[in-house]
Amino acid sequence: MGTNIGKLVLLALLIGTSLYWGADNFTSGSADLKNTDKLTLDATDESTKQAADAVQGKSNHPQLSDNIPTGAAKDVVLDSLDDLIALFDSLDYNSQSWLAGNREVPRLTFEGVSDNWHKTSNEIPVQQKKMVFFRLMAPLILVSNEKILLERQIIEAARLDAPELKRIALKYRAITDTKLPLTEELRMSLLNRVDILPPSLVLAQAAEESGWATSRFTLEGNAFFGQWDFSGDGMIPKQQRKELGNYGLARFDSPLASVEGYMFNLNTNNAYLKLRHLRAELRANEQAITGPKLAGTLDKYSERGQAYIDGLREMIRFNKLDQVDQAYLSSQAPLHLIGKNQE
């Protein structure tokens with residue numbers, strides 16, 4: 001594809017999805033990444049050392065930022081691809097920073113995937129397609145995990161009769177009646193449910209379940225994870241499995257809501273007890289909660305069973321998504337990216 005055509009295609013995607021992360025991505029197929037591995041390991045300047053120390057300190061269990069912004073997101077209108085790249089550079093959110101060991105991710109949101117992505121994604125080089133997808137989803141995953149960590153903080157510190165603790169217990173279906181007293185045993189059970197999902201796993205499942213954000217359900221209802229809906233309000237598949245009854249695919253108001261719904265599903269559904277038990281064991285032993293480890297518990301997520309697990313692990317390995325498990329959110333104010341025609 002010629003340079004000018006490529007820019008036009010990506011700009012069309014930008015206007016619809018409002019997010020694109022430059023020329024390098026998390027993938028192992030990037031020539032720039034291969035050629036700079038030694039640079040990353042051998043770098044000696046002070047800023048690189050500090051970035052590497054920050055990553056090392058956050059590698060096992062994600063921690064809440066000491067300065068979580070509380071204000072509303074600021075709209076950033078993007079007129080061109082060059083504007084977007086300049087914005088990323090100004091936020092130190094680019095390939096050079098990532099390769100130097102910086103895992104800080106700015107707080108970015110967007111409205112959804114546009115029809116332009118569905119129409120043009122097959123014309124975009126595979127590396128660019130992956131790049132756009134992974135960079136699109138990573139901030140949303142970290143924001144969702146941050147909300148979960150805030151809930152964990154309440155669970156750990158609140159009195160057993162605290163209203164906010166009961167609210168979380170009801171939300172995560174640890175109790176069904178607010179009149180029932182909570183116990184320390186219930187608190188521990190709740191902590192097993194209210195915990196983060198490693199970004200590498202979430203990215204791999206989102207890519208697998210949404211077809212790299214090209215599925216009809218992703219376009220129509222921000223459905224990135226193929227969650228079923230038996231309420232009658234879901235999006236109806238063309239070929240339904242009659243043995244499951246009247247079901248559809250759950251729709252969401254935004255990509256962020258889809259990520260949050262997926263995490264809630266894994267944290268509450270009985271089908272994923274193995275995941276929650278393994279995660280609690282890893283946390284108790286102060287071991288890293290990683291995508292490849294938790295992927296091994298998802299035999300019930302897909303009819304493909306072990307083949308599905310193997311596919312997720314291979315996607316994480318090939319695209320080096322384990323690096324994203326080390327990422328953390330910036331403490332800077334959130335930004336809501338919109339294309340000029342969305343004003």
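Biologist: Is Phe225 buried or exposed here?
Modeller: Phe225 counts as buried, because its relative accessibility is 1%, and please keep in mind that this is a predicted model.

Biologist: And Tyr262, buried or exposed?
Modeller: Tyr262 has a relative accessibility of 0%, so this residue counts as buried.

Biologist: How many aromatic pairs are there?
Modeller: The count comes to 8 aromatic pairs, if a pair is taken to be two rings whose centres lie within 6.5 Å. In one of them, the ring centres of Phe225 and Tyr262 are 4.1 Å apart and the ring planes stand at 20°, and the pair is therefore stacked, since planes under 30 degrees apart count as stacked.

Biologist: Where do those two sit along the chain?
Modeller: They join distant parts of the chain, being 37 residues apart. Phe225 is in the loop between α11 (216-221) and β4 (228-229), whereas Tyr262 belongs to helix α12, which covers residues 255-268.

Biologist: What about the rings of Tyr301 and Tyr308?
Modeller: Their centres are 5.9 Å apart and their planes are at 5°, so Tyr301 and Tyr308 also make a stacked pair.

Biologist: Are those two buried or exposed?
Modeller: Tyr301 is buried, with a relative accessible area of 12%, and Tyr308 counts as buried at 2% relative accessibility.

Biologist: Which residues form an aromatic cluster?
Modeller: One aromatic cluster is formed by Phe133, Phe134, Trp212 and Phe224.

Biologist: Switching to helices, how do α7 and α8 pack?
Modeller: Two packed helices are described by the angle between their axes and the distance between the axes. For helix α7 (residues 126-157) and helix α8 (residues 163-171), the angle is about 125° and the axes are 9 Å apart. The two helices are therefore oblique to each other, and their crossing is left-handed.

Biologist: Which residues make that contact?
Modeller: From α7 the contact uses Glu151, Ile154 and Ile155, while α8 contributes Glu164, Leu165, Arg167, Ile168 and Lys171.

Biologist: How many of them are nonpolar, polar or charged?
Modeller: The residues in the contact of α7 with α8 divide into 4 nonpolar and 4 charged, with no polar ones.

Biologist: Back to single residues, where does Leu136 lie?
Modeller: Leu136 lies in helix α7, and with a relative accessible area of 3% this residue is buried.

Biologist: How far is Leu136 from Pro255?
Modeller: Leu136 and Pro255 are 119 residues apart along the chain, and in the predicted model their C-alpha atoms are separated by 9.4 Å.

Definitions and conventions. Residues are numbered from 1 along each chain as its sequence is written. This is a predicted model: local features need pLDDT of at least 70, side-chain atom pairs count only at pLDDT 80 or more; totals for chains, interfaces and linings use all residues. Side-chain values use heavy atoms; hydrogens and water are left out. Axes are lines fitted to C-alpha atoms, for helices over the stretch in contact, and angles run from 0 to 180 degrees between N-to-C directions. Helices (H or I, at least four residues) and strands (E, at least two) are DSSP runs, numbered from the N terminus. Angles under 35 degrees count as roughly parallel, over 145 as roughly antiparallel, 65 to 115 as roughly perpendicular and the rest as oblique. A crossing is left-handed if the near helix is turned anticlockwise from the far one by less than a right angle, and right-handed if clockwise. Contact means heavy atoms within 4.5 Å. Ala, Val, Leu, Ile, Met, Phe, Trp, Tyr, Cys and Pro count as nonpolar, Asp, Glu, Lys and Arg as charged, and the others, Gly among them, as polar. Rings of Phe, Tyr and Trp (its six-membered ring) pair if their centres lie within 6.5 Å; planes under 30 degrees apart count as stacked, over 60 as edge-to-face and the rest as tilted. Buried means under 20% relative accessible area, exposed over 50%, partly exposed in between (1.4 Å probe, protein chains only).
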